[in-house]
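Please read this briefing alongside the sequence and the structure shown below. It takes a few elements in turn, grouped by topic.

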Amino acid sequence: MSGSGDAAPLPPHVVEDFFGVIQLLSDGSVVRADDAALLPMPELQDVPGVQWKDAVYDATNGLRVRVYKPAAAAAAAGDDGGELPVLVYFHGGGYCIGALDQSPFHTFCLRAADELPAVVLSVQYRLAPEHRLPTAIDDGAAFFSWLRGAGSADPWLAESADLARTFISGVSAGANLAHHVAVRVASGGQPVVADVDPVVRVAGYVLLDAFFGGVERTAAEANPPADVSLLTVEMADQFWRLALPAGATRDHPVANPFGPESPSLEAVALPPALVVASGGDVLYDRVVGYAARLKEMGKAVELVEFQGAQHGFSVIQPWSPETSEVIQVLKRFVHKAIRPAEG
């Protein structure tokens, strides 16, 4: 006997599989597993005297910021009678994995808070492919709206933070995010809360092994270093397929800030930039090229290279001599910032 002719729908199948940790199905749904196995997780070591707590900056989306406050002794060594600069930090993970409470990012923030010293704000953002770009950038902008408003009233910030010396930073995808948030702030894309004192001023931004992309391969991508350990070209490509708007190429403006469809940064009054590049990174040419393009535009940019280092070394090896040097470079950069004259 013949059937009705209506074939049963096929079950969803996997169209992208990132090491079994992220599976994107044909119906758009996502299956996730714990991503901790993909990232080296150094043993968590507390830094004596550094306190930290979590606060919610976006209740609608359940987004948190982890606030790090250094020891009272370190705070007393800061400028302006104990008010410290503020380091906003975005974690890495290709916009698809990672979390602010994972030990690599948590440990770096502990060290930065203690050794700069600074109030460090490690910001959670929504991940792809459930939330494709530019969602993470929107979250970063929303965080600054919170910081200008309700966040500035948080007791730790009110007592210890000099919001007029705020720096935006991040590692890998977090560095890409730091770039885009800095551009939004510098372009006037952030609402200014006129009746809130103090107003946040971004004094600089810091990119650690920034996660940039492009359709045309660079030399380092075409001939990767032999000892690449964390991020391969294939992994980077897959992250972009999962994170960018569906159908977008790696020349999308989020991936390639100097791509054919990217808005010019010539007229954007960017704050001074510190750009850190690792010689053993497949993205080395893109990071160095980013700094060179900024310099050609007359922007203030400092490029620091670590020839033997791997992508993300500052969080993979948070207690290494190289990471200690990065923190010292960051400290010098932060302390070069000049607070605007009081009017």
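In this predicted model, strand β6, helix α2 (residues 103-115) and strand β7 together make a β-α-β unit, and that unit is right-handed. Strand β6, which covers residues 84-90, is mostly covered, since seven of its seven residues are buried. The points below begin with the pairing of β6 and then turn to an open sheet and to a helix.

**Strand β6 and its partners**

- Strand β6 pairs with β7 (residues 119-123) in the parallel sense, and five bridges connect the two; within this pairing, Phe90 stands opposite Val123 in β7.
- Strand β6 also pairs in the parallel sense with strand β8 (residues 161-171), here over six bridges, and Leu84 is the residue that stands opposite Ala161 in β8.
- As general background, the strands of a sheet pair through backbone hydrogen bonds, and they may do so in either a parallel or an antiparallel way.

**An open sheet of three strands**

- Three strands form an open sheet in the order β1-β2-β3, and their pairing is antiparallel.
- The edge strands of this sheet are β1 (14-18) and β3 (30-32), each of which pairs on one side only.
- From one strand to the next, the twist of the sheet averages 15°.
- Helix α7, made of residues 233-243, packs on the sheet and touches both β1 and β2, while its direction makes about 130° with that of β1.
- Strand β2 (residues 22-25) is joined to β3 by three bridges, with the two strands running antiparallel, and Leu24 stands opposite Val30 in β3.

**Helix α10: its length and its two sides**

- How far apart are the end C-alpha atoms of helix α10, and what span should its 16 residues have at 1.5 Å a residue? The expected span of α10 (residues 321-336) is 22 Å and its end C-alpha atoms are 23 Å apart, so the two values agree.
- The buried residues of α10 are Thr323, Val326, Ile327, Val329, Leu330, Phe333 and Val334.
- Because these buried residues cover an arc of only 160° around the axis, they lie on the same side of α10.
- The face of α10 that is turned away from this buried side carries the exposed residues Pro321, Arg332 and Lys336.

Conventions
Residues numbered from 1 in each chain as written. Predicted model: local features only at pLDDT ≥ 70, side-chain atom pairs only at ≥ 80, totals over all residues. Heavy atoms only, no water. Pairing = 2+ DSSP bridges. Helix = DSSP H or I, 4+ residues; strand = E, 2+ residues; numbered from the N terminus. Axes fitted to C-alpha atoms, helices over the stretch in contact; angles between N-to-C directions. Contact = heavy atoms within 4.5 Å. Buried < 20%, exposed > 50% of the residue type's maximum accessible area, 1.4 Å probe, protein only. Right-handed = clockwise from strand over helix to strand, strands pointing away. Expected span 1.5 Å × (residues − 1). Arc of directions from axis to C-beta.
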